Amino acid sequence: MTTSDDVRKHALALPETTEKIAWSMPTFRVAGKMFATLPEDETSIAVRCPKEERDELVLAEPDKFWIADHEAMFAWVRVRLDALEDTTELRDILTDSWRQAAPSRLLEAHPELDPPTTA
């Protein structure tokens with residue numbers, strides 16, 4: 001099972017990521033911009049996700065993804081940690097959210113974090 005320790009390990013492994021407590025919960029930031037949080041009892045994470053993709057994720061896998069009421073107007077989605085297949089899936093989700101928050105200088109400096117291309 002994926003845990004909050006796995007979240008910290010993978011989030012903090014991303015370039016220039018820091019952990020900061022905000023709103024009484026751990027948040028993860030790149031260059032000062034938040035890309036993930038560990039809300040409530042640390043059984044889920046909230047990550048950046050474009051609204052169009054977010055809605056598709058929630059419809060496709062409602063046991064894994066959902067939208068918290070107070071985040072509905074923002075481009076964020078919640079992910080249940082115990083619904084993830086493995087830590088590779090967690091790493092991919094965190095990396096995707098990190099890319100959305102990271103400045104272009106970091107994206108350019110770390111092409112290994114680009115999403116895989118499909119042929």
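## Close-ups of a predicted model

**View 1. Helix 1 in this predicted model, with its buried residues picked out.** Ser4, Asp6, Val7, His10 and Ala11 are the ones tucked away in helix 1. They span an arc of only 150° around the axis, so they end up on the same side of helix 1. The general rule behind this kind of pattern is that an α-helix has 3.6 residues a turn, so residues three or four places apart point the same way. Flip to the other side of helix 1 and you'll find Asp5 and Lys9, which are exposed. As for what the buried residues pack against, that's strand 1 (17-22), strand 2, strand 3, strand 4 and helix 3.

**View 2. The largest nonpolar core, built from 24 residues.** Val7, Phe35, Ile45, Val47, Leu94 and Trp98 have the most contacts inside this core. Two or more residues each come from helix 1 (4-12), strand 2 (25-30), strand 3 (33-37), strand 4 (44-48), strand 6 (76-80) and helix 3 (87-101). Helix 3 chips in the most, with 5 residues. Val7 also turns up in View 1, as one of the buried residues of helix 1.

**View 3. Glutamate 16 paired with arginine 105, one salt bridge out of the 10 in the structure.** The closest N and O atoms sit 3.0 Å apart. This pair ties together distant parts of the chain, 89 residues apart: glutamate 16 is in the loop between helix 1 and strand 1, while arginine 105 belongs to helix 4 (residues 104-109). Glutamate 16 is partly exposed, at 43% relative accessible area, and arginine 105 is partly exposed too, at 46%.

**View 4. Arginine 78 and glutamate 40, joined by a salt bridge.** Here the N to O distance is 3.1 Å. Arginine 78 is in strand 6 and glutamate 40 in the loop between strand 3 and strand 4, so to speak a link across 38 residues of chain. Their surroundings contrast: arginine 78 is buried, with a relative accessible area of 3%, whereas glutamate 40 is exposed, at 62%.

**View 5. Lysine 64 and glutamate 89, a salt bridge with both partners buried.** The closest N and O atoms are 2.7 Å apart. Lysine 64 is in the loop between helix 2 (51-60) and strand 5 (65-66), and glutamate 89 is in helix 3, 25 residues apart along the chain. Relative accessible area comes to 6% for lysine 64 and 17% for glutamate 89. Elsewhere, Arg8, Glu19 and Glu42 form one network through salt bridges that share partners.

Notes:
Residues numbered from 1 in each chain as written. Predicted model: local features only at pLDDT ≥ 70, side-chain atom pairs only at ≥ 80, totals over all residues. Heavy atoms only, no water. Core = buried A, V, L, I, M, F, W, Y, C linked by side-chain atoms within 4.5 Å. Buried < 20%, exposed > 50% of the residue type's maximum accessible area, 1.4 Å probe, protein only. Helix = DSSP H or I, 4+ residues; strand = E, 2+ residues; numbered from the N terminus. Arc of directions from axis to C-beta. Contact = heavy atoms within 4.5 Å. Salt bridge = Lys/Arg side-chain N within 4 Å of Asp/Glu carboxyl O.
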